[in-house]
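Student: I'd like a close look at a single part of this model, centred on its strand pairing and the space around it. Could you take me through it slowly and link the pieces together?

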Amino acid sequence: MGSQGPPGPPGNGGPGEGEGGEARKLQEGRVARGKRRKAKGKGKAGAGQGGRGSGAEGKPGLQKAKEAAGLGAEAGARAGPGEEGERGGNVEEGARRIVREDEGSAGAGREARGRGDGKEEEWKVRPGRREDARPGRAQGRGAQAWGCIAGPGAAGVAVAAAAEEEAAAREPAGRPAAGPALLRLPEELLLLICSYLDMRALGRLAQVCRWLRRFTSCDLLWRRIARASLNSGFTRLGTDLMASVPVKERVKVSQNWRLGRCREGILLKWRCSQMPWMQLEGDSLYISQANFILAYQFRPDGASLNRRPLGVFAGHDEDVCHFVLANSHIISAGGDGKIGVHKIHSTFTVKYSAHEQEVNCVDCRGGIIVSGSRDRTAKVWPLASGRLGQCLHTIQTEDRVWSIAISPVLSGQLMMHLGSDFPPGAGVLDVMYESPSTLLSCGYDTYVRYWDLRASVRKCVMEWEEPHDSTLYCLQTDGNHLLATGSSYYGVVRLWDRRQRACLHAFPLTSTPLSSPVYCLRFTTKHLYAALSYNLHVLDFQNP
């Protein structure tokens, strides 16, 4: 039991006024405390309060706890000596109990209850500013009590806010419940509106919120932009050649092709000069070296190869001049005048004599093989295993045959001669069909020509001239707007936008001492591969 304080002076209502007087004293005490807080926490105990209270400057939470303890001590003092056994009016029995109320409402507080004179009194106390509560204590006369009300505090609010942000970050990006009227439109209508935006506007719209970022990544919004971009995987007719890759990602890489941003590297090197030819299929690269054809697998980045080849295809006595991939077969043309047929996934290889001189070119489509040679003939062969080596038709020409491409129509007949006013020696070194009625060609006369058989067979509909008057050995197109050519000097690879006359970008891949033609080039939407005399180069447009 704590020591009992001496009786204090009588209050305004007198010792016997009951609960009504106590209520008035509580009201007056609250008014006095408000005035003291306005005076920067410096105040004295009210005249109507019994006992002795102590003020605490700058600590309103502690001041309130002291006052509550003082009032409890006053009630014990009014009981007087000799009434302790009846009323229990000591300081320990007058200690207050704190009850936490609903902190969500604006008028919530803490209740401090003190017992004195056998009557319950409720004291409203505001939450303190400190979370660490001091234990209450009663010391002798004055019965001063110290305490702090447990409350959320600034730290508790900060922790709660951080937890809410973390939970929001884990939630999927849903449509905002509130915001501009644009976000409340049906998705079909919003798609129609966004379809009129260009690439820059869509990128800025994606920065507004997570939901719009997801919404603007829709392939439907980027398809129109991709069809107008360079090498985005769409043909001129709108066919998507890379449906598994998001269109937005392809448009990003397409900007590097347009601006000429790339990183150069070397995939393979040879000890002696070669005239290589290559083809791409999936994640594999097939390239000829001397009288062999080697198959390599790309690593996941597409800019490097596994050094150990997947397969080696042999059979020619001299260098491989040309080869194509068709129906799980490799059809090769050699300098020994023979054609070789190799199955890709087995060791099956057949070769047969086809021409009197070296076979410069070969193509295969629909089970038909067509070869061209220096002996001024082109021949037609079947691919069927039981009829390999049986010549179906021989076409006599006026000059050496350097390039061949089979029309998708597969007519099997001589349809027409293209062009009429070519100077002597203007040979065609590479030709490729884009559609049954359109094709591209390049050669010794330094021009790339675009032919449309529906318009004219005597004159091309468009042409691009090599600015340095170099022979063009090879060409490649994305089937839409991009055109790439390989020159005869310094290993120059040029990129052309077919909607313009001038060259878009030029990449010299060799220096003066090692000048080499670009014998063959291929590209995907992310990389360009160029085969030169001594090495195989790659231009990485995905990670410039």
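**A sheet, a pocket and a strand under cover**

Tutor: Gladly! Let's begin with β15 and β16, which are joined by four bridges and pair in the antiparallel sense. Please keep in mind throughout that this is a predicted model. To find the pairing by eye, start at A378, whose bridge partner in β16 is I395. Strands of a sheet pair through backbone hydrogen bonds, in either a parallel or an antiparallel way.

Now widen the view to the sheet. β15 and β16 belong to an open sheet of four strands, in the order β13-β14-β15-β16 and with antiparallel pairing. The edges are taken by β13 (359-365) and β16, and each has a single partner strand, so one side of each is left without a neighbour in the sheet. On average, neighbouring strands here are turned by 20° against each other, if direction is ignored.

The sheet leads us to a pocket. The second largest pocket has a volume of about 2000 Å³. Its lining comprises 49 residues, and those closest to the centre are T397, S403, L414, M416 and H417. Which elements give two or more residues to this lining? They are β14 (368-373), β15 (377-382), β16 (393-396), β17 (428-435), β18 (438-443) and β19 (447-452). Of these, β18 gives the most, with four residues. Sorted by class, the lining has 27 nonpolar residues, 15 polar ones and seven charged ones.

β19 is worth a pause, as this strand holds R449. With a relative accessible area of 13%, R449 is under the 20% cut-off and therefore counts as buried. Its side chain also has a polar partner: the side chain of R449 contacts that of D445 at 2.4 Å.

Burial is also the theme earlier in the sequence, at β10 (residues 329-334). Six of the six residues of β10 are buried, so this strand is largely enclosed by the rest of the structure. The cover extends to both faces of β10, with H329, I331 and A333 buried on one side and I330, S332 and G334 buried on the other.

What does β10 pair with? One partner is β9 (residues 320-326), which runs antiparallel to β10 and is joined to it by six bridges. Within that pairing, A326 has H329 as its bridge partner in β10. The two strands form a hairpin with two residues between them, and N327 in the turn has a positive phi of about 55°. Another partner is β11 (residues 338-343), which pairs with β10 in the antiparallel sense over five bridges. Here the bridge partner of I331 is V341 in β11. The hairpin of β10 and β11 has three residues between the strands, and G337 takes a positive phi near 80°.

One last stop concerns enclosed space. Rolling a probe the size of a water molecule over the atoms shows where empty space is left. The structure holds two cavities of 30 Å³ or more, and the second largest has a volume of about 40 Å³. The lining of this second largest cavity consists of Q274, M275, P276, S288, Q289, A290, D319 and V320. By class, that makes four nonpolar, three polar and one charged residues. V320, one of these lining residues, brings us back to β9, which spans residues 320-326 and is joined to β10.

Methods. Residues are numbered from 1 along each chain as its sequence is written. This is a predicted model: local features need pLDDT of at least 70, side-chain atom pairs count only at pLDDT 80 or more; totals for chains, interfaces and linings use all residues. Side-chain values use heavy atoms; hydrogens and water are left out. On a 1 Å grid over the protein atoms alone, a cavity is a set of points where a 1.4 Å probe fits but cannot get out, and a pocket is an open set with protein on both sides within 12 Å along at least five of seven lines; lining residues have an atom within 4 Å of a point. Grid points are joined across faces, edges and corners, and a volume is the space filled by probe spheres set on the points. Ala, Val, Leu, Ile, Met, Phe, Trp, Tyr, Cys and Pro count as nonpolar, Asp, Glu, Lys and Arg as charged, and the others, Gly among them, as polar. Two strands pair if DSSP finds at least two bridges between them. Axes are lines fitted to C-alpha atoms, for helices over the stretch in contact, and angles run from 0 to 180 degrees between N-to-C directions. Buried means under 20% relative accessible area, exposed over 50%, partly exposed in between (1.4 Å probe, protein chains only). A polar contact is a pair of N or O atoms within 3.5 Å; within protein, one must be able to donate a hydrogen and the other to accept it, and residues adjacent in sequence count only if both atoms are side-chain atoms.
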